[in-house]
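Thank you all for coming; I would like to walk you through one model this morning, slowly, and with the criteria stated as we go. Please have the sequence and the picture in front of you.

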Amino acid sequence: MKLPFVLARRFVAGETLDKTLPVVDRLLADGLFVTLDLLGEHVDDRQAAEAYTHDYVDLVQRLAHRRGGGDANISIKLSMIGQVIDHDFCVANLKRLLTVARQTHTFVRLDMEDGDLTQSTINILEEVHPDFGNYVGVVLQAYLKRTERDVERMCELKARVRLCKGAYREPPELAHQDMVTIREQFRQYMRMLLLHARYPGIATHDDELINATKAFATEAAIDPNDFEFQMLYGIRAETQRNLVAEGYNMRVYVPYGTQWLPYFSRRLRERKENVGFLVKNLLRK
Ligand SMILES: Cc1cc2nc3c(=O)[nH]c(=O)nc-3n(C[C@H](O)[C@H](O)[C@H](O)COP(=O)(O)OP(=O)(O)OC[C@H]3O[C@@H](n4cnc5c(N)ncnc54)[C@H](O)[C@@H]3O)c2cc1C
């Protein structure tokens, strides 16, 4: 059954790239940076994985023509280009994409998915980093118990990391479950990344963590141009613009595509108020 897009449109910019690019233009015009995400996950068919790789290549090329002087890059899910099929197949697809990314000076972020894929994602990042280090980076999730090691390793590599809390349901063996600990871990990794990694992305809508990042950057004399904040399309749009006005780099994650249901469900799960918002909008229609 296909659900109507109206359900998702607060969080998903469009079902096609053509419908999404005007949204990107508006964000860039407001001084925001953008990362585009073609929605989808866990492809277990080789032809489909190749087709998604082709779509990503096309996206990079169209974005390079479109973005003018603005800063727009892309975020991808390795599970869409073969990660759950075969390691070498996935790396070959990624290298095909990164070759075009390098030609067009477009950065590619490897989103982090559920705990079964963490090690494989780090392995693949390590494999492509020597050749494509300026054009590829990864995401680390503060809720995972393993993340301190990964932060240390990414600092050694001088890799670009997006730090977030983590959006999947993980068991207590793998992930901290309480928000106090997750925030504490986030603050610790934020400090390590600001000091030792390259241009980290601090991805959160949480004022406590945003304020902690600002305070630490000031205290450690870290230039606001040496890191960026990141938030999701449709969440705290005013705060996004306020951060730009204060002189911070702020990147908005803009998802699009027809496969929006899993992404949309994660946004609903994060915040019960979103379910009320949804019902209100449905009644209004
Ligand atoms: C740019 C970006 C990229 C991300 N990439 C990944 C990734 O690759 N892998 C991954 O596992 N996770 C990813 N996430 C999701 C992340 O892990 C969290 O699940 C999500 O950001 C919610 O945590 P929070 O820190 O924003 O704060 P929360 O504590 O959840 O929220 C703080 C405040 O932000 C606002 N807010 C937060 N979420 C919502 C929402 N859904 N709807 C409305 N308001 C909200 C509310 O005001 C809330 O009180 C990403 C998040 C961002 C911002």
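Is Lys158 buried or exposed? Before I answer, I should say that this is a predicted model, in which local features need pLDDT of at least 70, side-chain atom pairs count only at pLDDT 80 or more, and totals for chains, interfaces and linings use all residues. Residues are numbered from 1 along each chain as its sequence is written.

Now to the answer: Lys158 is exposed, because it has 12 other C-beta atoms within 10 Å. A residue is called buried if 20 or more other C-beta atoms lie within 10 Å of its own, exposed if 12 or fewer do, and partly exposed in between, with the C-beta atoms placed from the backbone. Lys158 is found in the loop between helix 5 and strand 5, and, coming just after helix 5, takes a positive phi of about 55 degrees. Helices (H or I, at least four residues) and strands (E, at least two) are DSSP runs, numbered from the N terminus. If we leave aside neighbours within four places in sequence, Lys158 is in contact with Ala197 and Arg198, where contact means that two C-beta atoms, placed from the backbone, lie within 7 Å.

Let me set against this the loop between strand 4 and helix 5, where Ala142 lies. Ala142 is buried, because 25 other C-beta atoms lie within 10 Å. Leaving aside neighbours within four places in sequence, the contacts of Ala142 include Thr147, Leu163, Gln185 and Tyr189. Ala142 and Gln188 are 46 residues apart in sequence, and their C-alpha atoms are 9.2 Å apart in space.

Between these two loops comes helix 5 itself, in which Thr147, Asp150, Val151 and Met154 are buried. Those four lie on the same side of helix 5, because they cover an arc of only 100 degrees around the axis, the arc being that of the directions from the helix axis to the C-beta atoms. On the other side of helix 5, Arg149 and Glu156 are exposed. The buried residues of helix 5 pack against helix 4 (118–132), strand 4, strand 5 and helix 6 (179–196).

We can now turn to the sheet, which is a closed barrel of eight strands running 1-2-3-4-5-6-7-8 with parallel pairing; two strands pair if DSSP finds at least two bridges between them. Strand 1 (residues 33–38) is joined to strand 2 (residues 72–76) by four bridges and to strand 8 by six bridges. Within strand 1, Leu36 has Ile74 as its bridge partner in strand 2, and stands opposite Val254 in strand 8. Six of the six residues of strand 1 are buried, so strand 1 is largely enclosed by the rest of the structure. Phe33, Thr35 and Asp37 point one way from strand 1, while Val34, Leu36 and Leu38 point the other way.

Finally, the ligand: which residues come nearest to the ligand? Of the 23 residues around the ligand, they are Asp111, Cys164, Ala167, Thr204 and His205, a residue being near if its C-beta atom, placed from the backbone, lies within 6 Å. The largest share of this shell, three residues, comes from strand 7.
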